[in-house]
Amino acid sequence: MTRTAREVVLAHAITEPATAADFALIDRPLPDTLPPGSVHVRVRWLSLDPYVGQVLRGRHMGEAAPAPGMPLPGEGIGEILASADPDHAVGDHVAGHFGWAEEAVVQASALRKVDAAQGTFEHLGILGMPGLTAWVGTTQLSRIEPGMTFCVDAAAGLVGGTAGQIARLLGARAVGIAGGADKCAIVTGTYGFDACVDYRQDGWSDRLAEAAPGGIDVHFENVGQKVLDTVLPRLSVNGQVILCGLADHYGDGRPALLNAGLLVGKRATVRGLVVYDYVGRRQEWIDFALPHLREGRLVEHDDIADGLEAAPLQMERVAAGTTRGRPLVRVG
């Protein structure tokens, strides 16, 4: 009898932010014999980072949207159950794209081994692409020196939260911008920022000025126009802006615009961040992060849903911006 594994797929093509009703749970047949160079993986963790919602609609870096019934994007961590590849053994832990599935058969060459002794789901988050993104923005694309003020929005998310933690390790003050008192509590309480400003409160521009009285030396942008319009006037002379994400603009395609005259007057440097340019340097980030992670100077705050069947609702929460920390699904 052919074995099957449960998997979540799109029930239909979507053009709007995903809701749980857009997905279906199916049984995917598994091959009776492993093709050469492949492995059979039991998926343990699935990460539903915000970019996944854009891929589902065909709005991320030119990637085509997955067709209904096809495997969905999102990096996972799994344990190898069987292997037809000489470099991968039963029991190895690997990270890769398995679809939103309980088990999958994939080519081993597309996977990266992870050291389970260093953590499991952390390899999807603070040791994975979100952490790498934060490291690139704070250490490769900007110059952070002791005494500077570093500002980041979407600060309760793992990219923003990790960026602020790195900035503090480099001797800067970290000021976060987040939506809601509960998220600001994560920013200051879990991530240890010096201050957090709730952009949903009236007069938040004044509170940002109070949190950064000497101006903002480095701003790490994840949201878009409504934050840029408030932050850029408070940028210090010779300030730096790292454009990492524009979450507010993904849904309707509106462009985010920068005030060129203001940037000239500030003598500002603006740089765009595409983390895929730095994937080959992931180990540098891990080597930097691990000692801090083990000793509690770097932490991550996760929002975990249990069971594969919880993935559609978790994706809906990601699309709506209601998750509290990095969104994960504990598959098995």
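In this predicted model, helix α2 (residues 129–140) lies across β9 (149–153), β12, β13 and β14, and runs at about 155 degrees to β12. A second helix, α5 (residues 204–211), lies across β9, β10, β11 and β12, with an angle of about 170 degrees to β11.

The strands just named belong to an open sheet of six, ordered β11-β10-β9-β12-β13-β14 and paired in parallel. At its edges stand β11 and β14 (269–272), each of which pairs on one side only. On average, neighbouring strands of the sheet are turned by 15 degrees against each other, direction ignored. A closer look at one pair is welcome here: β12 (residues 216–221) is joined to β13 in the parallel sense by five bridges, and His219 stands opposite Val241 of β13.

Helix α4 (residues 181–190) offers a neat case of sidedness. Lys183, Cys184, Ile186 and Val187 are buried in this helix. Viewed down the axis of α4, the buried residues fall within an arc of 150 degrees, and therefore line one face of the helix. Ala181 and Gly189, on the other side of α4, are exposed. The cover over the buried residues of α4 includes β10 (173–178) and β11 (195–198). After α4 comes Gly192, which has a positive phi near 75 degrees.

Finally, the loop between β13 (235–243) and α7 (260–265) contains Ala247. This alanine counts as partly exposed because its relative accessibility is 44%. Leaving aside residues up to four places away in sequence, Ala247 touches Asn222 and Val223. The C-alpha atoms of Ala247 and Val223 are 4.7 Å apart, although 24 residues separate the two in sequence.

Terms used: Residues are numbered from 1 along each chain as its sequence is written. This is a predicted model: local features need pLDDT of at least 70, side-chain atom pairs count only at pLDDT 80 or more; totals for chains, interfaces and linings use all residues. Side-chain values use heavy atoms; hydrogens and water are left out. Buried means under 20% relative accessible area, exposed over 50%, partly exposed in between (1.4 Å probe, protein chains only). Helices (H or I, at least four residues) and strands (E, at least two) are DSSP runs, numbered from the N terminus. The arc is that of the directions from the helix axis to the C-beta atoms. Contact means heavy atoms within 4.5 Å. Two strands pair if DSSP finds at least two bridges between them. Axes are lines fitted to C-alpha atoms, for helices over the stretch in contact, and angles run from 0 to 180 degrees between N-to-C directions.
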